[in-house]
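Please walk me through this structure, starting from one charged residue and working outward. Plain paragraphs will do.

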Amino acid sequence: MRAIRQSSQWDFADHVEAVQRLRREYAQLPADAPVRLAKPTSNLFRFRDAPDTPRLDVSAFNRVLAVDPVERVAEVGGMTTYEDLVAATLPHGLMPLVVPQLRTITLGGAVTGLGIESSSFRNGLPHESVEEIEILTGSGDVVTARRDNEHSELFYGFPNSYGTLGYSLRLRIELEPVKPYVHLRHLRFGSGKEAMEAFERICADAEYKGERVDFVDGVAFGPGELYLTLASFVDKAPWVSDYTGTDIYYRSIPRYAGPGPGDYLTVHDYLWRWDTDWFWCSGAFGLDNPAVRRLWPRSLKRSDVYRKLVALDRRTDFSRLLNLYRGRPQQEPVIQDVEVGVERGAEFLDFFHSEIGMSPIWMCPLRLRETASPAAGRAHVWPLYPLEREQLYVNFGFWGMVPMRPGQRRAHHNRAVEEEVSRLGGHKSLYSDAFYSEDEFWRLYNGEGYRRLKHTYDSGERLLDLYAKCVGNK
């Protein structure tokens, strides 16, 4: 590999030394205590009281080791944020094939916990552009897993394992070329059915009205107001918008919809267009108010800042107590991403508008990039998140609070979403609260395949299992 070092103070020899040090530290952790990572950020929304136990220091794995602009690959530490990864690749005119929308999502997190963005209709999910992964397994060994070596089953089973089989220390990933600017076209639709049909056509052709389409996502503001955003790389832009200051990206979508010239962003600002306002969730802190927005420092308009504020609220119970004091109904946090086949997408939207009533809703199409079965007899390419080959899915993301009515069961709205997604043959991501029974969970997330991997790579069960971590919230 033509290694272009990202720091004169760090090279692969340092990485090897860090791996050896981590193995020693892992071996010294109490065998009867949960293993926790010491890291400054998190994008999980399974909040829990952290036990007072030693934490594994993985700070040495937060670097881009090398970028090869000829081969279009990068060697990256598993704890490296996409913000740092993009900063290292864009100067070479390259980007990861899928860049999840929040800056502090880590590459390792997006691979073991899944990620998605508007290039996913052509590039699949982030783990599909990984060529090899160096993993500290639950057994304390360090293995390099690839599609074609003795650890191929771990390679394919690592996505959606959420750190219950091991932790990624280094990943080799593919990159793709970019152009300096992105042209955005926003198309309005009057029903979920129309929007889903448009997703199918546009994603199949990867073009619209003669212009190539490199990115596709959308927003449903209500049952009769949905927008699909088609974005394309371009060499030049007549202007560029800035959504890092007083203007708000999602509010620009209706404004630029229609027959006009659309909108333009630098490629950097396109990749982070959602992060400044955490999609639209910054409104919970008053940032949709122009006066508040002007006073809020630009450097603090970031998803990781908002997430820390939410975590503080959960710890202090402030919002619940405030609602109680004001005599307002208690609210249930409904923070989820789900995948539903495009042909059932309109059904899901009808259910969601009727039973949940939250808006906006993010919509992002995806299709698996890798369609060949990796092993004879294996039904799915990525067995722990079993999506169908050749099927176009739509990811629906919704993040907010829903009022509770008297007599409703615990987690009423979240459970309703789980039940409807299962009815429609879809799946949901596990970064947030889940309420499945153990039998249903293992049926949906391939318990048999998971247990086989667990036995091979964590036979002593040093790490929690997937159900205990994602549903038991341990």
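Asp242 is partly exposed in this predicted model, with a relative accessibility of 37%. Its side chain meets that of Arg298 in a salt bridge, with 3.4 Å from N to O. The two residues are 56 residues apart and belong to distant parts of the chain. Asp242 sits in the loop between strand S13 (225-234) and helix H7 (249-256), while Arg298 sits in the loop between helix H9 (290-295) and helix H10 (303-316).

That pair is one of 34 salt bridges in the structure. Another joins the side chains of Arg423 and Glu347, again at 3.4 Å from N to O. Arg423 belongs to helix H13 (residues 412-423) and Glu347 to helix H12 (residues 345-355), so this salt bridge ties together parts that are 76 residues apart in sequence. Both ends are partly exposed: Arg423 has a relative accessible area of 49%, and Glu347 has a relative accessibility of 32%. Salt bridges with shared partners also build one network out of Glu75, Glu131, Glu132, Glu134, Arg146, Asp148, Arg170 and Arg172.

A salt bridge can also stay inside one helix. Lys193 pairs with Glu197, and their closest N and O atoms are 2.6 Å apart. Both residues lie in helix H6 (residues 192-205), and the four residues from one to the other make about one turn of the helix. Lys193 is exposed at 53% relative accessible area, whereas Glu197 is partly exposed at 34%.

The next topic is the sheet. Which strands form it, and in what order? Eight strands make an open sheet, running S14-S9-S13-S12-S16-S17-S15-S18, with antiparallel pairing. Strand S14 (263-266) and S18 are the edge strands; each has a single partner strand, so one side of each has no neighbour in the sheet. At the S14 end, strand S9 (residues 181-189) is joined to S14 by four bridges, the two running antiparallel. Within that pairing, Val182 stands opposite Leu265. Helix H6, the helix of Lys193 and Glu197, packs on the sheet and touches S9, S12, S13, S16 and strand S17 (393-403). The direction of H6 makes about 20 degrees with that of S13.

Helix H12, which holds Glu347, lies across S12, S13, strand S15 (331-341), S16 and S17. H12 runs at about 5 degrees to S17.

Strand S12 (residues 215-222) is mostly covered, with eight of its eight residues buried. In the order of the sheet, S12 stands between S13 and S16. S12 and S13 form a hairpin with two residues between them, and seven bridges join these antiparallel strands. In this pairing Val216 is opposite Leu230 of S13. On the S16 side, three bridges pair S12 with strand S16 (residues 361-366), also in the antiparallel sense. There Val219 has Trp362 as its bridge partner.

At the other edge, Lys428 lies in strand S18 (residues 427-428). Is this lysine buried or exposed? Lys428 is buried, with a relative accessible area of 1%. Its side chain is joined to that of Glu418 by a polar contact of 2.8 Å. A polar atom of the Lys428 side chain also lies 2.8 Å from the backbone oxygen of Asp433. Beyond its neighbours within four places in sequence, the residues in contact with Lys428 include Gln336, Val338, Tyr385, Val421, Tyr436 and Tyr445.

Another charged residue under cover is Glu176 in strand S8, which is buried with a relative accessible area of 11%. The side chain of Glu176 makes a polar contact of 3.0 Å with the side chain of Arg122. Not counting residues up to four places away in sequence, Glu176 touches Gly93, Leu94, Met95, Leu97, Arg122 and Asn123.

Strand S8 (166-177) is also among the elements packed against the buried residues of helix H2. In H2 (residues 82-89), the buried residues are Tyr82, Leu85, Val86, Ala88 and Thr89. Seen down the helix axis they fall within an arc of 160 degrees, so they line one face of H2. Besides S8, these residues pack against strand S3 (64-68), strand S4 (73-77), strand S5 (94-96), helix H3 (107-113) and helix H8 (267-271).

Key:
Residues numbered from 1 in each chain as written. Predicted model: local features only at pLDDT ≥ 70, side-chain atom pairs only at ≥ 80, totals over all residues. Heavy atoms only, no water. Buried < 20%, exposed > 50% of the residue type's maximum accessible area, 1.4 Å probe, protein only. Arc of directions from axis to C-beta. Contact = heavy atoms within 4.5 Å. Salt bridge = Lys/Arg side-chain N within 4 Å of Asp/Glu carboxyl O. Polar contact = N/O pair within 3.5 Å; in protein donor to acceptor, adjacent residues only side chain to side chain. Pairing = 2+ DSSP bridges. Axes fitted to C-alpha atoms, helices over the stretch in contact; angles between N-to-C directions.
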